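Visitor: I would like a close look at one pair of packed elements in this model, and then a walk outwards from there. Please keep it friendly, but do not skip the geometry.

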Amino acid sequence: MKPGFIEKVQERIQRMRPEDVQVYLGELAREKDFLETVFNSIQEAVIVVDSQGRIISINTAATTLLGIQEDQCIGKRLSEQVRGLDLDSIAEGDKAVNREMEIFYPESRFVNFYVVPLLDEKKKILGRAIILRDVTELRRSTEQTIESEKFSALTLLAAGVAHEIGNPLNSLNIHLHLAEKKLRKLPEKERGEIGESLRIAREEVSRLDQIITQFLRAVRPTPLETSMDSMNAIVEESVSFLEAEIRNRNVLVEMDLNPSLPLQPVDRNQLKQAFYNIIRNSAQAMKSGGVLRIRTGFDESHTFISFSDTGGGISIEHMGRLFEPYFTTKQGGSGLGLMIVQRIVREHGGEVMIESTQGVGMTLTIRLPRVDRRVRLLASGDDASS
């Protein structure tokens, strides 16, 4: 059996002079400091545990990602420090394991973790190394790409459907108009039932035309006509426009609008359309009345507008489908309102975030960049070098 490192050191140290031992110890200390510096410089989070799952080493990236402190977690079981990361149920003997999980502290993130067993010469497990990588942005990017592809397919479908249905609707309108002209030539007694049938037919044709228009508005990109504008003013005008509908539903609107809010490069008309949809959705969700709180604010990079209602919230199984076309939890709803909101916000380079507590209410927050960041052309090589 080959002697281990410790045995070799014990054998040699007995033949060393005290001053040589001191030199070697100094070199070991410097090497340890160097390895710790490299360990803490690694961008990926790394945790090393012993065979009992107790943390014996953790780098700076891991403490930052997981919101824990090194001096408080060393010697503690990993499952106690990171809820849901139980190596006893995840590890598969001496095999490496690759999984993903969602963490909620110190902030909601998606993390990919790779568990590698640490073996001795006899293939006995001495512990495990856990490498964690934050994949939140990658997941968001992938989801946005999938949604973008869905949007493109939906736009093509919408154009085809609008064309195929629009032509027959125009033809129906023409023939209904001709029928009404002939109806006027009949005696008044004979107009009654026929006239009523024609009126109903015209209304239904008009309703179909509105449905097609709304669908196209939801999926067809509309060029933005931006100008520096006040988000507070747009919010106030949107609430004022829907005042009668809000009052009829016995909803109280509380506005907390930051007076220091800077002007924002936005398309006023499109943002109003988005706000109308959000406010209507919130008012309709509060069937027996309630409170809608609208708040504005900003940080160094973004302006935000949040709408919080007391309408009972959305169930977990429905949360992931809120932006799908024609998905709705309301009787008689079109399922296009939030889809329109998302399209308009994304055209502005922003994002929509939803938080919901079933039985309590829902908060929808719009975050818009304070400068126009939808497209930024990089300077050419010559310009950059100059």
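Visitor: Where helix 9 passes helix 11, is the crossing left-handed or right-handed?

Guide: Happy to take you through that, with the reminder that this is a predicted model. Helix 9 crosses helix 11 in a right-handed sense. Two packed helices are described by the angle between their axes and the distance between the axes. For helix 9 (residues 231-241) and helix 11 (residues 268-285), the angle is about 50° and the axes lie 9 Å apart. Angles under 35 degrees count as roughly parallel and those from 65 to 115 as roughly perpendicular, and helix 9 and helix 11 are therefore oblique to each other.

Now for the residues that make this contact. Helix 9 contributes Met231, Ala233, Ile234, Val235, Glu237, Ser238, Val239 and Phe241, while helix 11 answers with Arg268, Leu271, Lys272, Phe275, Tyr276, Ile279 and Arg280. Sorted by character, the residues of this contact comprise 10 nonpolar, 1 polar and 4 charged. An α-helix has 3.6 residues a turn, so residues three or four places apart point the same way. You can look for that spacing in the helix 11 residues of the contact, including Leu271, Phe275 and Ile279.

Let us step back to the setting of this pair. The protein chain holds 14 helices and 12 strands, and 33% of its 386 residues count as buried. Among its contacts between residues at least 6 apart in sequence, 59% join residues at least 24 apart.

Two sheets are worth a visit. One is an open sheet of 5 strands in the order 2-1-5-4-3, with antiparallel pairing. At its edges are strand 2 (55-58) and strand 3 (97-103), each paired on one side only. From one strand to the next, the twist averages 25°. Strand 1 (residues 45-50) runs antiparallel to strand 2, and 3 bridges join them; strand 1 is also antiparallel to strand 5 (residues 125-134), with 6 bridges. Ile47 lets you see both pairings from one residue: its bridge partner in strand 2 is Ile58, and in strand 5 the partner is Ile130.

Further along this sheet, 9 bridges join strand 4 (residues 109-119) to strand 5, again antiparallel, and Asn112 stands opposite Arg133 of strand 5. Strand 4 and strand 5 form a hairpin with 5 residues between the strands. Lys123 is in that loop, and its phi is positive, near 65°, in a residue other than glycine. Most residues other than glycine have a negative phi, and most peptide bonds are trans. Lys123 also counts as exposed, because its relative accessibility is 61%.

Asp94 is another loop residue to find, between helix 6 (87-90) and strand 3. Beyond its neighbours within four places in sequence, Asp94 is in contact with Pro117, Leu119 and Ile125. Asp94 and Leu119 are 25 residues apart along the chain, yet their C-alpha atoms are separated by 7.9 Å. With a relative accessible area of 48%, Asp94 is partly exposed.

The other open sheet has 5 strands in the order 7-9-10-12-11, with mixed pairing. Strand 7 and strand 11 (351-357) are at its edges with a single partner strand each, so one side of each has no neighbour in the sheet. Here the twist averages 15° from one strand to the next. Strand 11 and strand 12 (residues 361-369) run antiparallel, joined by 7 bridges, and Met353 stands opposite Thr365 in strand 12. Helix 13 packs on this sheet, touching strand 11 and strand 12, and its direction makes about 140° with that of strand 11.

Helix 13 (residues 337-347) has 9 of its 11 residues buried, so it is largely enclosed by the rest of the structure. Among those buried residues are Gln342 and Arg343, along with Leu338, Met339 and Ile340. After helix 13 comes Gly349, with a positive phi near 80°. A positive phi near 60° is also found at Asn250, a residue other than glycine, in the loop between helix 10 (243-248) and strand 7 (251-256). At 58% relative accessibility, Asn250 counts as exposed.

Note on methods:
Residues are numbered from 1 along each chain as its sequence is written. This is a predicted model: local features need pLDDT of at least 70, side-chain atom pairs count only at pLDDT 80 or more; totals for chains, interfaces and linings use all residues. Side-chain values use heavy atoms; hydrogens and water are left out. Axes are lines fitted to C-alpha atoms, for helices over the stretch in contact, and angles run from 0 to 180 degrees between N-to-C directions. Helices (H or I, at least four residues) and strands (E, at least two) are DSSP runs, numbered from the N terminus. Angles under 35 degrees count as roughly parallel, over 145 as roughly antiparallel, 65 to 115 as roughly perpendicular and the rest as oblique. A crossing is left-handed if the near helix is turned anticlockwise from the far one by less than a right angle, and right-handed if clockwise. Contact means heavy atoms within 4.5 Å. Ala, Val, Leu, Ile, Met, Phe, Trp, Tyr, Cys and Pro count as nonpolar, Asp, Glu, Lys and Arg as charged, and the others, Gly among them, as polar. Two strands pair if DSSP finds at least two bridges between them. Buried means under 20% relative accessible area, exposed over 50%, partly exposed in between (1.4 Å probe, protein chains only).
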